[in-house]
Amino acid sequence: MLIKTSAAHEPLSSEITPRRVYLNRRTALAGLGLAATSPLALSQAAPGGGKLPKLPGAHSAVPGALVMDKVTSYADATSYNNFYEFGTDKSDPAAHAHTLKPRPWTVSIEGECAKPGRYDLDALLKLSAMEERVYRLRCVEGWSMVIPWVGYSLGELLKQAQPTSKAKYVEFTTLADKAQMPGVRSGVLDWPYVEGLRIDEAMHPLALLAFGMYGEVLPNQNGAPLRLVVPWKYGFKSAKSIVKIRFVEKEPVSSWTKAAQQEYGFYSNVNPNVAHPRWSQASERRIGEDGLFAKKRPTLMFNGYEAQVGQLYAGMDLKRNY
Ligand code: MTE
């Protein structure tokens, strides 16, 4: 994202859906009696790869959690990734992330809270009911996807730790292990990858702790075994392969802000009115849906989640707090 810009505009071979596949999909949906825009239809239209353990989730009742856009194909969502611990090309994570060991895995919760602790992955999987949420994810580079995630609201975990009144922000640290992650040997970012949210953002029901996608556990390249998905912010706020969550009093400095402060602010809310120095944020290319010469679609304020999250930023100057 910081150094490779051309790849973001190259078409994917999978962007061109063969006519036969397209027609079969239409026929299958019609047979099920599903409107092409219902969330169930979206899930049916985009099954997982079928190679990973199943992780089903009930359709979420959180307002805004099930967008009606057509779901990105599993093949595209798992082969066009940013995960710099495995390299900076979009194809690197799929090629190299097999060395990541998502089990055993623990997440430590620290800082300004009454109940810090270490959670084993199995305990985290049982902590709350799994929900399926179909979210748009918009990357600052100008592309977007629509993915059916499986997980539960991050707030469900955070409230277990009982944050104190000093907990104004939450800092997320992800795994940085040279033995498992070849990209960590490079100096492209200041490892480990760190991201942060204001506490009210982290507690917002749409902020998702994801363990799966497309009804299966997360593939390594998408941030196994657990990651954040903050759908109203640019993709880089959605930290992958989290190992530490810390409640802090001061605004955390993320790895991207450290790398280029003028480009990556703390808030990083999707905002078509505030351009990034290198990429306009006014429109976007939907991966897998549009060919190279197809019209881009306009980017929506807060990525289309304004009704749900706009209030978090009432009175703030969003040009200054980019
Ligand atoms: N998390 C870690 N640990 N390392 C990364 O390089 N890249 C971010 C984010 N989370 C990144 C990360 C960026 S730039 C984006 S756009 C999203 O992951 C991409 O998520 P996806 O590959 O599942 O679409």
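1. Is glutamate 156 buried, partly exposed or exposed? Glutamate 156 is partly exposed, because its relative accessible area is 28%, and the partly exposed class runs between 20% and 50%. The model is predicted, so this value and those that follow are computed from predicted coordinates. The side chain of glutamate 156 meets that of lysine 159 in a salt bridge, at 3.3 Å from N to O. Both residues lie in helix 6, which spans residues 154-160. They are 3 residues apart, about one turn of the helix. Lysine 159 is partly exposed too, with a relative accessible area of 46%.

2. Now the overall picture. The protein has 9 helices and 13 strands. Of its 322 residues, 54% are buried. The accessible surface is about 14100 Å². Carbon and sulfur atoms hold 55% of that surface. Take the contacts with a separation of 6 or more: 74% of them join residues 24 or more positions apart.

3. Salt bridges. How many salt bridges does the structure hold? The count is 15. One of them joins arginine 103 and aspartate 122, with the closest N and O atoms 3.1 Å apart. This pair links distant parts of the chain, 19 residues apart. Arginine 103 sits in the loop between helix 4 (92-96) and strand 2 (106-111). Aspartate 122 belongs to helix 5, residues 121-126. Arginine 103 is partly exposed at 47% relative accessibility. Aspartate 122 is partly exposed at 33%.

4. A further bridge connects glutamate 263 and arginine 278, where the closest N and O atoms are 2.8 Å apart. The two residues are 15 positions apart, and each is in the loop between helix 8 and strand 12 (283-286). Their burial classes need a check against the cut-off. Glutamate 263 is buried, because its relative accessible area of 19% falls under the 20% limit. Arginine 278 counts as partly exposed, at 34%. Beyond this pair, salt bridges that share partners join Asp69, Arg136, Arg138, Glu284 and Arg286 into one network.

5. The annotated site. Which residues does UniProt list for "binding site"? The unreviewed entry gives Asn81, Tyr84, Glu85, Cys139, Thr174, Asn222, Arg227, Ser238, Ala239 and Lys240. The lining of the largest cavity includes Asn81, Tyr84, Glu85, Cys139, Thr174, Asn222, Arg227, Ser238, Ala239 and Lys240. The annotation comes from the record; the cavity lining is computed from the model.

6. Arginine 227 is among the listed residues. It is found in strand 10, residues 227-229. Arginine 227 counts as buried, because its relative accessibility is 4% and the limit is 20%. Neighbours within four places in sequence aside, arginine 227 contacts Trp149, Leu208, Leu209, Ala210, Leu218, Asn222, Ser238, Ala239, Lys240, Ser241 and Ile242. Among these partners, Asn222, Ser238, Ala239 and Lys240 also appear in the UniProt list.

7. Alanine 239 is another listed residue. It lies in the loop between strand 10 and strand 11. Its relative accessible area is 0%, so alanine 239 is buried. With neighbours within four places in sequence left aside, its contacts are Thr174, Tyr193, Glu195, Arg227 and Leu228. Thr174 and Arg227, included in that set, are on the UniProt list as well.

8. Cysteines. How many disulfides does a search of the whole structure find? It finds 0. A disulfide is a covalent bond between the sulfur atoms of two cysteines. Cysteine 113 counts as buried, at 10% relative accessibility. Cysteine 139 is buried as well, with a relative accessible area of 4%. Cysteine 139 is one of the residues in the UniProt "binding site" list.

9. Proline 252. Where is this residue found? Proline 252 is in the loop between strand 11 (242-248) and helix 8 (255-259). Proline 252 is buried, with a relative accessible area of 7%. Residues up to four places away in sequence are not counted here: proline 252 touches Tyr169, Val170, Glu171, Gly196 and Phe266. Take valine 170 from that set. Proline 252 and valine 170 are 82 residues apart in sequence, yet their C-alpha atoms are 7.6 Å apart in space.

How values were computed
Residues are numbered from 1 along each chain as its sequence is written. This is a predicted model: local features need pLDDT of at least 70, side-chain atom pairs count only at pLDDT 80 or more; totals for chains, interfaces and linings use all residues. Side-chain values use heavy atoms; hydrogens and water are left out. Helices (H or I, at least four residues) and strands (E, at least two) are DSSP runs, numbered from the N terminus. Buried means under 20% relative accessible area, exposed over 50%, partly exposed in between (1.4 Å probe, protein chains only). Contact means heavy atoms within 4.5 Å. Accessible areas come from the Shrake-Rupley method with a 1.4 Å probe; for residues, only the protein chains shown count as cover. A disulfide is a pair of cysteine sulfur atoms within 2.5 Å. UniProt positions are given in the numbering used here, feature names are shortened, and annotations may be inferred rather than shown by experiment. On a 1 Å grid over the protein atoms alone, a cavity is a set of points where a 1.4 Å probe fits but cannot get out, and a pocket is an open set with protein on both sides within 12 Å along at least five of seven lines; lining residues have an atom within 4 Å of a point. A salt bridge is a side-chain nitrogen of Lys or Arg within 4 Å of a carboxyl oxygen of Asp or Glu.
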